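Work through the exercises below with the model open beside you, and try each task before you read its solution.

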Amino acid sequence: MTSPQSNFETIIHGADCRSTSNVGDFSEVVDIAQQLIRFDTTNNGVIEADVETEAAHYVMDLLQEVGYQPQWIEPVKGRPNVVLRVPGKNRERGGLVVHGHLDVVPAVAEDWDVDPFAGEIIDGVLWGRGAVDMKNMDAMIISVLRHMARTNYVPERDLIVAMFADEEAGGKVGAHWLVEHRPELFAGATHAISEVGGYNTYVNGKRVYLLQTAEKGLTWYRLLARGKAGHGSQVNEDNAVTKLAQALAAIGGEKWQLQLTDTVRELLEGVSDLTGLPFDPEDPDTIDRLIDALGSAKTFVGATLRTGANPTQLQGGYKVNVIPQTAQGGVDVRPIPGTEAEVARRIAELAGDVQLEKIHDDAGIEFPFAGETVEAMVRALEAEDPQAVVLPYMLSAGTDNKALARLGIQGYGFAPVQLPPGFDFPAMFHAANERIPVESLHFGSRVLWRFLQNA
């Protein structure tokens with residue numbers, strides 16, 4: 001396997017520094033994505049860890065090599081963020097934040113068919129942790145920026161480019177920290193783009209690109225049940241494990257009502273138009289048929305019809321014949337935007353006497369599928385794929401756009417890739433054998449370049 005340093009030297013000093021006189025030459029994007037994957041930036045949720053350092057140095061070098069002056073912001077040692085402002089022609093126009101994150105979720109090597117941090121290309125497909133979440137987009141952003149610098153292109157509006165730390169653990173030393181402690185970095189910004197939008201699925205034989213205009217809320221709870229410790233053979237009606245189990249079962253078994261936001265309605269109406277299937281917002285059966293028509297994207301979209309609450313952690317006891325005094329659990333709650341307070345009250349009711357602690361809390365976001373910035377995204381996709389149909393959707397998960405929303409910045413998911421039929425893109429997120437076609441990176445770079453020229 002090529003070492004990170006030798007690969008870096010190839011990109012900077014070798015063939016990838018060839019002239020880019022042909023507008024839209026982003027051939028280095030694949031090498032950059034490979035190299036980013038080769039940096040093991042696994043985020044295990046430990047703040048005081050060395051996670052993003054090597055990858056951030058690599059990004060800094062790539063940007064500095066073409067004349068940029070990015071900032072290195074390290075709230076905690078080993079957790080750097082890289083931020084760059086590229087001044088635009090019209091300083092009165094609101095700036096655009098273009099952001100990615102350098103950390104990835106863990107990869108259990110024995111579950112993979114390849115080394116998850118080797119960045120291998122097999123039959124035209126790039127494999128590795130981060131190939132879709134989200135070192136693919138990081139590489140596209142960097143390659144487009146380098147092209148801009150080499151061609152002396154000045155964007156229409158200020159671009160604030162950020163490679164955040166810690167996104168996979170809530171952004172405590174990443175986007176959220178910068179928004180709270182360094183908000184001036186984003187001064188004047190009105191819009192943002194990042195991951196999990198702009199990818200295509202197939203609906204009734206047509207390529208449909210899903211532009212992410214909304215995200216569900218995100219609240220992580222720690223539950224603590226207290227009881228009376230004692231011998232496992234005795235009668236104990238104050239059992240902490242029993243209390244915790246009942247609370248988790250109640251939360252996990254809650255039937256949340258159907259709630260279609262404007263984004264979800266607009267998506268389902270679009271699918272109805274493409275397929276001829278009826279859409280009745282009061283009829284779950286018609287909704288289910290439309291969701292199924294979205295192909296692989298149904299896993300993301302299907303989780304946006306109602307609030308979700310999943311117990312995810314359970315710890316209690318240290319010996320089978322000892323009743324512990326305490327037991328602890330975790331719950332991942334994803335409210336429909338605008339219902340966060342109502343959902344929190346219901347979770348508290350379901351938990352009963354078990355103590356609840358919010359360990360992360362972000363409100364949902366929903367922005368219009370309209371306006372100059374959105375129109376520029378749509379035009380960029382249509383220019384590269386004249387057959388493109390673009391529809392809005394809500395993400396059931398979360399991105400760093402939630403942090404930027406606290407500054408009034410409208411955040412969209414726009415990491416454009418074109419995928420072949422049968423490629424289950426949503427299933428790649430946080431999964432073993434994460435991978436993406438190489439041509440998707442080239443396509444995405446071209447679309448991103450078109451967008452940034454017109455955004």
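The exercises that follow concern a predicted model and ask how its parts are arranged.

**Exercise 1.** Find out into which domains the chain is divided, and state how far apart their C-alpha centres lie.

*Solution.* Begin with the residue ranges: domain 1 is made up of 27-196 together with 399-453, while domain 2 is made up of 217-253 together with 307-361. Then take the C-alpha centres of domain 1 and domain 2, which lie 35 Å apart.

**Exercise 2.** Describe the interface of domain 1 and domain 2 by its contacts and its buried area.

*Solution.* Start with the contacts, counting heavy atoms within 4.5 Å: 6 residues of domain 1 meet 6 residues of domain 2. Next comes the area, since the two domains bury about 340 Å² between them, with 53% of it on carbon and sulfur atoms. On the side of domain 1, the residues that lose the most area to domain 2 are Gly170, Lys172 and Lys402, which together account for 67% of what that side buries.

**Exercise 3.** Which kinds of polar pairing does the rule find across this interface, and how do the residues of the domain 1 side divide?

*Solution.* Look for salt bridges, of which the rule finds 0 between domain 1 and domain 2, and then for polar contacts, where the rule finds 1 residue pair, both at pLDDT 80 or more. The domain 1 residues that touch domain 2 divide into 1 nonpolar, 2 polar and 3 charged.

**Exercise 4.** Locate the feature that UniProt records, and give its helix and strand content.

*Solution.* The unreviewed UniProt entry places "domain: Peptidase M20 dimerisation" at residues 213-352. Over residues 213-352 the chain is 37% helix and 24% strand, and the end C-alpha atoms are 35 Å apart.

Methods
Residues numbered from 1 in each chain as written. Predicted model: local features only at pLDDT ≥ 70, side-chain atom pairs only at ≥ 80, totals over all residues. Heavy atoms only, no water. Domains from an automatic or database assignment. Buried area = accessible area lost by both parts, 1.4 Å probe. Salt bridge = Lys/Arg side-chain N within 4 Å of Asp/Glu carboxyl O. Polar contact = N/O pair within 3.5 Å; in protein donor to acceptor, adjacent residues only side chain to side chain. Nonpolar A, V, L, I, M, F, W, Y, C, P; charged D, E, K, R; others polar. UniProt positions renumbered as here; feature names shortened; annotations may be inferred. Helix = DSSP H or I, 4+ residues; strand = E, 2+ residues; numbered from the N terminus.
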